[in-house]
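Biologist: Could you walk me through this one? I'm keen to see how its parts are held together.

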Amino acid sequence: MGYGRIMSSLMTFTQREPLTEQEALDYVQSLGYHSLAFDDSHEVDEELHWHEFDSVAIVISGSGSFADETGAVTQVQPGCMVTAEAGWLHRTLAGTQTRVVLGSNMPYEEWSHPINKPPVS
């Protein structure tokens, strides 16, 4: 499998060789980020939103897609890594079924709720 990279002003998408969950957790922690692993499952498209924290998300298993604020769609599979700055507008699309390791520069306990913030008009 080849490697690829897509960049926007607030997000970098990289396709690389798949990592195990433990390898991804170790990688995220090596960045100095707080980490957690979870199943991300969407039957319907999410609303466009942003987060208050910088993050890195690594797909461990499964597949799916997300769209940015322009509507550009990116497919994800094991080995995909999205590095995003706080404020990046995006949404996960229907049909996504993935296991993800997420790292953020803020501990989960400090995230304000709702976690998904609506765009400011």
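Biologist: Does Lys117 count as buried or exposed?

Modeller: This is a predicted model, where local features need pLDDT of at least 70, side-chain atom pairs count only at pLDDT 80 or more, and totals for chains, interfaces and linings use all residues. Residues are numbered from 1 along each chain as its sequence is written, and side-chain values use heavy atoms, with hydrogens and water left out. Buried means under 20% relative accessible area, exposed over 50%, and partly exposed in between (1.4 Å probe, protein chains only). Lys117 has 11% relative accessibility, so the label is buried.

Biologist: Which residue forms a salt bridge with Lys117?

Modeller: A salt bridge here is a side-chain nitrogen of Lys or Arg within 4 Å of a carboxyl oxygen of Asp or Glu. For Lys117, the closest N and O atoms of the pair are 3.9 Å apart. The partner lies in the loop between β3 and β4, and Lys117 in the segment after β8, so parts 65 residues apart in sequence get tied together. That partner is Glu52.

Biologist: Which residues do salt bridges with shared partners join into one network?

Modeller: Arg99 pairs with Glu21, with the closest N and O atoms 2.9 Å apart. Arg99 also pairs with Asp39, at 3.3 Å. So the network is Glu21, Asp39 and Arg99.

Biologist: And which residue does a cis peptide bond join to His113?

Modeller: Omega for that bond is about 5°. The residue is Pro114.

Key: Helix = DSSP H or I, 4+ residues; strand = E, 2+ residues; numbered from the N terminus.
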